[in-house]
Amino acid sequence: MTLSAVASDADDSVAYTFASRYVREALPRFRIPEQSIPKDAAYQIINDELMLDGNPRLNLASFVTTWMEPECDRLIMAAVNKNYVDMDEYPVTTELQNRCVNMIAHLFNAPIGEDETAVGVGTVGSSEAIMLAGLAFKRKWQNKRKAEEKPYDKPNIVTGANVQVCWEKFARYFEVELKEVKLKEGYYVMDPAKAVEMVDENTICVAAILGSTLTGEFEDVKLLNDLLTEKNQETGWDTPIHVDAASGGFIAPFLYPELEWDFRLPLVKSINVSGHKYGLVYAGVGWVVWRNKEDLPEELIFHINYLGADQPTFTLNFSKGSSQIIAQYYQFIRLGFEGFRNIMENCTENAKVLKAGIEGTETFDIVSKDVGVPLVAFSLKDSGKYTVFDVSESLRRFGWIVPAYTMPADAEHVAVLRVVIREDFSRSLAERLVTDLKKVLTELENRWTKSTMIAHVKAEETPDGVVLKKSVKHTHEEIARYWKHLVDRKKTSGVC
């Protein structure tokens, strides 16, 4: 006698994933479900949805790192359950952060001795780093104004209109007026002379960008320092400079060591940089360093002892992962100065290859500069047939994510595409992108020609100027004749 049993829903662990009921039920979107489901079913369902995301390696919109060595991946996974804020419990992780701060400070030529501890902190990115630097400037300015018995309720900060949105967030969240230097066509960074003109006694700092998000260009921090020094001497003010080196901070020291933009300039009091950009670490780490202790007001630093020891902290959040801190230290000792320089040189060379390919289409004008962050920003010479937004959308069909956007205030009429060259964007990918771009341009050109021809054949003007609408049959016949003629012209003899 054969015995058989019907499998119950309770025995889902032996069920074939795509034979289970879980793949045919709607996924919860607003409430936590009442019942549990097997771990393999949960994994498969979520993994299937994530397949619809873009490929991070082909996301050319982002400056953020999308590849690291497997050895570093293992370190990241081993530390994924460590809360960085538990400094007493994880003292080695804290020590690695301090080492990173010291290395970055020396890289940026901070005036500290070989064995002297630098002033800085790891953050979740440059946005938090900028908030902290801005707060330090605001508090120091307020303290000075209070000591002089002057009003301290209307602080402002001077930037270019090309700044990243985190500067606007800082200004709005912490009630600081944002005074922006407008851009103009052909000049998409802050003009130092105009910036200094906007400085007044309420200016807490001038922010310069080393690597504009729009075009990758470095702003002239040296000229800004010189002009602002003159104004400070004339007015008796001591307006400082902050350098937002989110993108360029790990590029300039290796490719342009003679460029003066960092703590070599006396008015530069703090610098932020993104470890998860050209610091070559996955998303979630940034850094801010100060020139010396006097530039970070002591009252902004909190001391806690409920985790086992007295711990100073100056962050906007509290708990955060340790993995990215460890990964940053790995990259510093793994690559060294030589490795970072080689990677940045490769990125620059691949940017040149891509630029040459784009120029070869004779369709675009290059708006980015050769010196700066390795990226290529380009605009259409003629937007009458199609726009950069059409090009961007069409490239997605090949898997490429290439952003299209308009420039900020006073240059809004300029629309560009931008390709960021990261470590993992090789020459072969650059050449492939150019090939796919040419296909897109051909398709858009044909689409425009077809639409123009259809508009022409759908209407016919009589000698007296009256436009007669053609019949559907007549229109179809003319379209067919047009395309037959086009195909006949393109026919070739011999073997293809």
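This is a short group-meeting talk on the two sheets, the packing and a few chosen residues of one predicted model.

Hi everyone, thanks for coming. Please keep in mind throughout that we are looking at a predicted model.

Let's begin with the seven-stranded sheet. It is open, its strand order is β1-β7-β6-β5-β4-β2-β3, and the pairing is mixed. At the edges sit β1, residues 119–123, and β3, residues 177–181, each pairing on one side only. From one strand to the next, the twist averages 20°.

Now to one of those edges. β1 and β7 are antiparallel partners, with five bridges between them. If you want a place to look, find valine 119, which stands opposite tryptophan 290 in β7.

Further along the sheet we come to β4. How many of the residues of strand β4 are buried? Seven of the seven, across residues 203–209, so the strand is largely enclosed by the rest of the structure. On one hand, β4 pairs with β2, residues 156–160, in the parallel sense over three bridges, and there isoleucine 157 stands opposite cysteine 205 of β4. On the other hand, β4 pairs with β5, residues 241–244, again in the parallel sense, over four bridges. In that pairing valine 206 faces isoleucine 241 of β5. To get from β4 to β5, the chain passes through helix α7, residues 221–235, and this β-α-β crossover is right-handed. The same helix, α7, lies across β4, β5 and β6, and runs at about 170° to β5.

While you have these strands on screen, a general reminder: side chains in a regular strand alternate between the two faces of the sheet.

Next, a residue that comes with a record. Lysine 277 is covered by a UniProt annotation, from an unreviewed entry, that reads "modified residue: N6-(pyridoxal phosphate)lysine". Where does lysine 277 lie? You will find it in the loop between β6, residues 268–274, and β7, residues 286–290. Is lysine 277 buried or exposed? Its relative accessibility is 16%, and because the cut-off for buried is under 20%, lysine 277 counts as buried. Setting aside neighbours within four places in sequence, lysine 277 contacts Phe63, Val64, Thr65, Ala246 and Ser247.

Over to the other sheet. This one is open too, with four strands in the order β10-β11-β13-β12 and antiparallel pairing. Its edge strands are β10, residues 364–366, and β12, residues 404–406, each pairing on one side only. Here the twist averages 35° from one strand to the next. β10 and β11, the latter spanning residues 375–380, are antiparallel and joined by three bridges. Phenylalanine 364 has leucine 380 as its bridge partner in β11.

Two helices lie across strands of this sheet. Helix α9 lies across β10, β11 and β13, the last being residues 415–420, and runs at about 15° to β11. Helix α10, residues 388–395, lies across β11, β12 and β13, at about 35° to β13.

Let me stay with α9 and pick two of its residues. Isoleucine 358 is in this helix, and with 1% relative accessibility it counts as buried. What is isoleucine 358 in contact with, leaving aside its neighbours within four places in sequence? The partners are Phe364, Ile366, Val376, Phe378, Val434 and Leu437. Between the C-alpha atoms of isoleucine 358 and phenylalanine 378 there are 8.3 Å, although the two are 20 residues apart along the chain.

The other one is leucine 335, also in α9, which covers residues 323–360. Leucine 335 counts as buried at 18% relative accessibility. Beyond neighbours within four places in sequence, its contacts are Leu280, Phe340 and Ile343.

Last topic: the nonpolar cores. The largest has 104 residues, and those with the most contacts inside it are Phe108, Val243, Trp261, Ile271, Leu354 and Val391. Which helix gives the most to this core? That is α9, with 14 residues. For a closer look, take isoleucine 271: not counting residues up to four places away in sequence, it touches a list of residues including Phe108, Val243, Trp261 and Val289. Apart from this core lies another, of 14 residues, among them Met131, Ile204, Cys205 and Ala207.

That's my tour. Thanks for listening, and I'm happy to take questions.

Notes:
Residues are numbered from 1 along each chain as its sequence is written. This is a predicted model: local features need pLDDT of at least 70, side-chain atom pairs count only at pLDDT 80 or more; totals for chains, interfaces and linings use all residues. Side-chain values use heavy atoms; hydrogens and water are left out. Buried means under 20% relative accessible area, exposed over 50%, partly exposed in between (1.4 Å probe, protein chains only). Contact means heavy atoms within 4.5 Å. UniProt positions are given in the numbering used here, feature names are shortened, and annotations may be inferred rather than shown by experiment. Two strands pair if DSSP finds at least two bridges between them. A crossover is right-handed if, with the strands pointing away from the viewer, the path from the first strand over the helix to the second runs clockwise. Axes are lines fitted to C-alpha atoms, for helices over the stretch in contact, and angles run from 0 to 180 degrees between N-to-C directions. A nonpolar core is a set of buried Ala, Val, Leu, Ile, Met, Phe, Trp, Tyr and Cys residues joined through side-chain atoms within 4.5 Å.
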